[in-house]
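Got the viewer open? Keep the sequence panel beside it, and let's walk through this one stop at a time.

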Amino acid sequence: MRSPRRCSRNGCPRQAVATLTYVYNESTAVVGPLAAFAEPHTYDLCEPHARSLTAPRGWDVVRHEGEFEPPPPTTDDLVALAEAVREAARPAPPRPDEIEAEQHPGQQTGRRGHLRVIPPSH
């Protein structure tokens, strides 16, 4: 499962809720809702950084005025979660020593967790 996108600002651990895009030929910084996919030359920002962003002198900032909402889980995230649950519920395949114990029932070795009892050799 994909992890949530984090703020691009150094040292910021918060979840991203906005995307910053620079439009260089118009000297404009655009801060809008989080883009569906991370794109090159864009920056994901948390709400505090999206609200407090300032642009270089002579540049304009176009900022989304509504609420910045965290993105809902995508279908990919839900599918990945369902597959992880299915994988965890699947019984583990028998280990080679368990298969051999079934084939040779008189020569059993006990096994408990990561420990194994080995019968004494004569």
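Two strands count as paired if DSSP finds at least two bridges between them. With that in hand, select S1 and S2: six bridges join them, and the two strands run antiparallel. Before going further, bear in mind that you are looking at a predicted model.

**Stop 1: the whole chain**

Zoom out and colour by secondary structure. The protein chain has three helices and six strands, and from the N terminus on the order of elements is β-β-β-α-β-α-α-β-β. Now colour by pLDDT. The chain averages 78, with 70% of its residues at 70 or more. Strand S3 (residues 42-45) is where confidence is highest, at a mean of 94, while strand S5 (residues 110-112) is where it is lowest, at 54. A surface view adds another number: 18% of the 122 residues count as buried. As for how the chain folds back on itself, take the contacts between residues at least 6 apart in sequence: 54% of them join residues at least 24 apart.

**Stop 2: the strands**

Go back to S1 and S2 and pick Thr19; opposite it, in S2, stands Gly32. Then follow the hairpin round its turn. Four residues sit between the two strands, and Ser27 takes a positive phi near 50° there.

Now add S4 to the selection. Which way does S4 run relative to S2, parallel or antiparallel? The two run parallel, joined by four bridges. To see one of the partners, click Val30 and look across to Val62 in S4.

While you have the strands up, here is some background for reading side chains: in a regular strand they alternate between the two faces of the sheet.

**Stop 3: the aromatic cluster**

Show the side chains of Tyr22, Tyr24, Tyr43 and Trp59. Ring pairs link these four into a cluster. Across the structure, the count of aromatic pairs comes to four. Start with Tyr22 and Trp59, an edge-to-face pair with 5.8 Å from centre to centre and 85° between the planes. Why call the pair edge-to-face? Its planes are 85° apart, and the label applies to angles over 60 degrees.

Tyr22 is in strand S1 (residues 18-23), and Trp59 is in the loop between helix H1 (47-52) and strand S4 (60-63), so this pair ties together parts that are 37 residues apart in sequence. Both rings belong to partly exposed residues: Tyr22 has 26% relative accessibility and Trp59 has 24%.

Trp59 also pairs with Tyr24, again edge-to-face, at 5.9 Å between centres and 85° between planes. Tyr24 lies in the loop between S1 and strand S2 (28-33), 35 residues from Trp59, so here too the pair links distant parts of the chain. At 60% relative accessibility, Tyr24 counts as exposed.

**Stop 4: the nonpolar core**

Hide the rings and select Cys7, Cys12, Val17, Ala18, Leu20, Ala29, Val31, Leu45, Cys46, Ala50, Leu53 and Phe68. Those 12 residues make up the largest nonpolar core. S1 and S2 each supply at least two of its residues. In soluble globular proteins, nonpolar side chains tend to be buried together.

For a look at one member's surroundings, centre on Val17. Leaving aside residues up to four places away in sequence, Val17 touches Pro33, Leu34, Leu45, Cys46, Glu47, Phe68, Glu69 and Pro70.

**Stop 5: the cysteines and a histidine**

How many disulfides does a search of the whole structure find? Zero. Check it yourself at Cys7, which is in no disulfide: the nearest cysteine sulfur is that of Cys46, 3.8 Å away. That is outside the 2.5 Å cut-off for a disulfide. Cys7 is buried, with a relative accessible area of 7%. Cys46 is in no disulfide either, and the nearest cysteine sulfur to it, that of Cys12, is 3.7 Å away. Is Cys46 buried or exposed? Cys46 counts as buried, at 1% relative accessibility.

For the last selection, pick His49 in helix H1. His49 is buried, with a relative accessible area of 17%. Show what surrounds it: not counting residues up to four places away in sequence, His49 touches Cys7, Arg9, Cys12 and Arg14.

Methods
Residues numbered from 1 in each chain as written. Predicted model: local features only at pLDDT ≥ 70, side-chain atom pairs only at ≥ 80, totals over all residues. Heavy atoms only, no water. Phe/Tyr/Trp six-rings, centres within 6.5 Å; stacked < 30°, edge-to-face > 60°. Buried < 20%, exposed > 50% of the residue type's maximum accessible area, 1.4 Å probe, protein only. pLDDT = per-residue confidence, 0-100. Core = buried A, V, L, I, M, F, W, Y, C linked by side-chain atoms within 4.5 Å. Contact = heavy atoms within 4.5 Å.
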